[in-house]
2 protein chains.
Amino acid sequence: MQNVTLGIDIGGTNTKFGLVDRAGHVFFQDQLETEAQRPAEFLFERLFRRLQNGIHAMPEKVTIKGVGIGAPNANHYTGKIEDPPNLSWKSVNLTALVRQHLDLPVSVTNDANAAALGEMVFGNARGMRNFIEITLGTGIGSGIVVNGELVYGHDGFAGEMGHVIVEKNGRKCGCGRLGCLEAYASATGITRTMQELLSSSDKASILRNLPLNDLTSKQIFEAANAKDELAFEAFEITGRYLGEELANAVLYFSPEAVILFGGLAAAGDFIFKPVKKYMEANLLPIFQNKVKILPSGLAMSEAAILGAAALIWHKIG
Amino acid sequence: MQNVTLGIDIGGTNTKFGLVDRAGHVFFQDQLETEAQRPAEFLFERLFRRLQNGIHAMPEKVTIKGVGIGAPNANHYTGKIEDPPNLSWKSVNLTALVRQHLDLPVSVTNDANAAALGEMVFGNARGMRNFIEITLGTGIGSGIVVNGELVYGHDGFAGEMGHVIVEKNGRKCGCGRLGCLEAYASATGITRTMQELLSSSDKASILRNLPLNDLTSKQIFEAANAKDELAFEAFEITGRYLGEELANAVLYFSPEAVILFGGLAAAGDFIFKPVKKYMEANLLPIFQNKVKILPSGLAMSEAAILGAAALIWHKIG
């Protein structure tokens, strides 16, 4: 008999779920279309049917100890998603929906917080009690751990580092405000930076052969791999914005490490080196050369499920 | 028999101490010169002699449950002061020094953290589990409470909001870096702002009658009280810097309240109104109109002792 927790990651297009033991071994995983145009009940009915079939097919018996859910705009305190972006649901009580199928502890949070807990329970933040996890994807999310616990704030909405204003009257952000970190240091941000560089400079770049408006962060990474100077510059600028704001975040949290996760973090040294350089250059002396900048220790393909599953393992120890 | 804790606040010139019960009643208080040019042992010998005399003279018997100390650069994890500014001691183990006199729990932190705990145990943050205390004095300190506990970070140095860079290549700060919040929103900061306004504008101001280099924040407050337009402007600029950075801090912490403490906070609406205005104007919509900006609930004359005494009351409940 194996004790596991069920991790569910609800995304705009697909929902992934899986059973995870205390050591981070994923026993079973599956995914299905979220179909957010239909009621959320429909997602959970399909998910639990698939889960049941999966469990029947498993050679070993499992006991599910609880259900962790990562979802956009999910609030830990209420167990609800409220006005999620990319989902047509208005307000969904995730805890109540799960309880229609399983009478077990349910813990809910947003994707970035789930990633942070996954890192603490299974990944590169094991044993750490103070660290910052940053998800560098289309947007920027952050999950911050203080004294071994996630920072939720008084209403559950803490940890929105992506919307710190890093450039007064800067780029328009998806949130409607100007100059947010997310508008500079996300996959979208580096793409905008590259577009600006291609327009404003006349340096040679292999990216000039591609249509400017369809440029992707992956193409910028490939160009950097091919030693494209302008692509290096785009990573340098991106890393500068993130590194400078991390120097501020360190003043607030004095974390043992900052862990970079997500698509843009997969660019490795191209992004890690400038982030580290500009963070150190802007740190108050007492913090210099103390804060590690680390990659995630979770495999990309399993990270979302591990993060969600970690919500329960973190609680029950 | 009355249970009390001993609170000690070590300053550059004077050291205050007192006995405080669970309700925040100060039974006995006294102060003496720190005399930091002599060994720290000498301070503690004099302090405990004075305390003993004080206790003998008290009508009621007391039991001291522990000793809390607030001091510049004091580290909660090590119990030491390391290279304190304004004190000629290099490294002093405060816990060990107290234990030479009293075999009781000792808890040590810096002044701003002590103020935050004082606020949580005795002041306007009673019942709050997530808030930010900001001390606006000659410099800026901050004590941040998350999930009911102070944010110390992995090394004890967290909560240095005064050194967040709010103006790239801005004013030189005492720390040697450029553009720190402290260089704008402290008593020193508003004085520099007023000096700049007096130099750069030709608006009438009663402060023009005073020698520019001897200007104090108190004089700016008095001028604002006398409806001096340029003094209003100085408070507006000061409040803008602090309010804008608070909008960023709210993204990290989502606190129930921000509490402003210290000399500059005593200017009341002159500073609270612009802080609130610029914070709200820069908040991500989900945080708007939710975060209170409050004055401290501790009497200035007792705050330092209450904060230090709260270190122990917070532990023993």
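This tour proceeds from chain A as a whole, through its domains, to the interface with chain B. The model is predicted.

**Chain A as a whole.** Select chain A and display it as a cartoon: nine helices and 13 strands make up its secondary structure. Its radius of gyration is 20 Å, close to the 20 Å that the globule rule gives for 317 residues, so chain A is as compact as a globular protein of that length. Along the principal axes, the C-alpha atoms of chain A fill a box of roughly 60 × 45 × 35 Å. Of the 317 residues of chain A, 52% count as buried. Among contacts in chain A between residues at least 6 apart in sequence, 63% join residues at least 24 apart.

**The two domains of chain A.** Next, colour residues 2–123 together with 300–316 as domain 1 of chain A, and residues 131–295 as domain 2 of chain A, following the domain assignment. Their C-alpha centres lie 28 Å apart. Where they meet, 13 residues of domain 1 of chain A are in contact with 13 residues of domain 2 of chain A. Now select helix α3 (residues 111–122) of chain A, which supplies eight residues, the largest share of the domain 1 side. By class, that side has six nonpolar, five polar and two charged residues.

**The interface between the chains.** Finally, show chain B alongside chain A: 32 residues of chain B are in contact with 31 residues of chain A. On chain B, select β10 (140–146) and α7 (229–253), each of which supplies at least two residues of the side that touches chain A. The largest share of this side, five residues, comes from α7(B). Coloured by class, the side of chain B that touches chain A shows 17 nonpolar, nine polar and six charged residues.

Terms used. Residues are numbered from 1 along each chain as its sequence is written. Chains are lettered from A and ligands numbered from 1 in the order in which they are written. This is a predicted model: local features need pLDDT of at least 70, side-chain atom pairs count only at pLDDT 80 or more; totals for chains, interfaces and linings use all residues. Two residues are in contact if their C-beta atoms, placed from the backbone, lie within 7 Å. Helices (H or I, at least four residues) and strands (E, at least two) are DSSP runs, numbered from the N terminus. Ala, Val, Leu, Ile, Met, Phe, Trp, Tyr, Cys and Pro count as nonpolar, Asp, Glu, Lys and Arg as charged, and the others, Gly among them, as polar. Domain bounds come from an automatic or database domain assignment. The radius of gyration is taken over C-alpha atoms; the globule rule is 2.2 Å times the number of residues to the power 0.38. A residue is buried if 20 or more other C-beta atoms lie within 10 Å of its own, exposed if 12 or fewer, and partly exposed in between; C-beta atoms are placed from the backbone.
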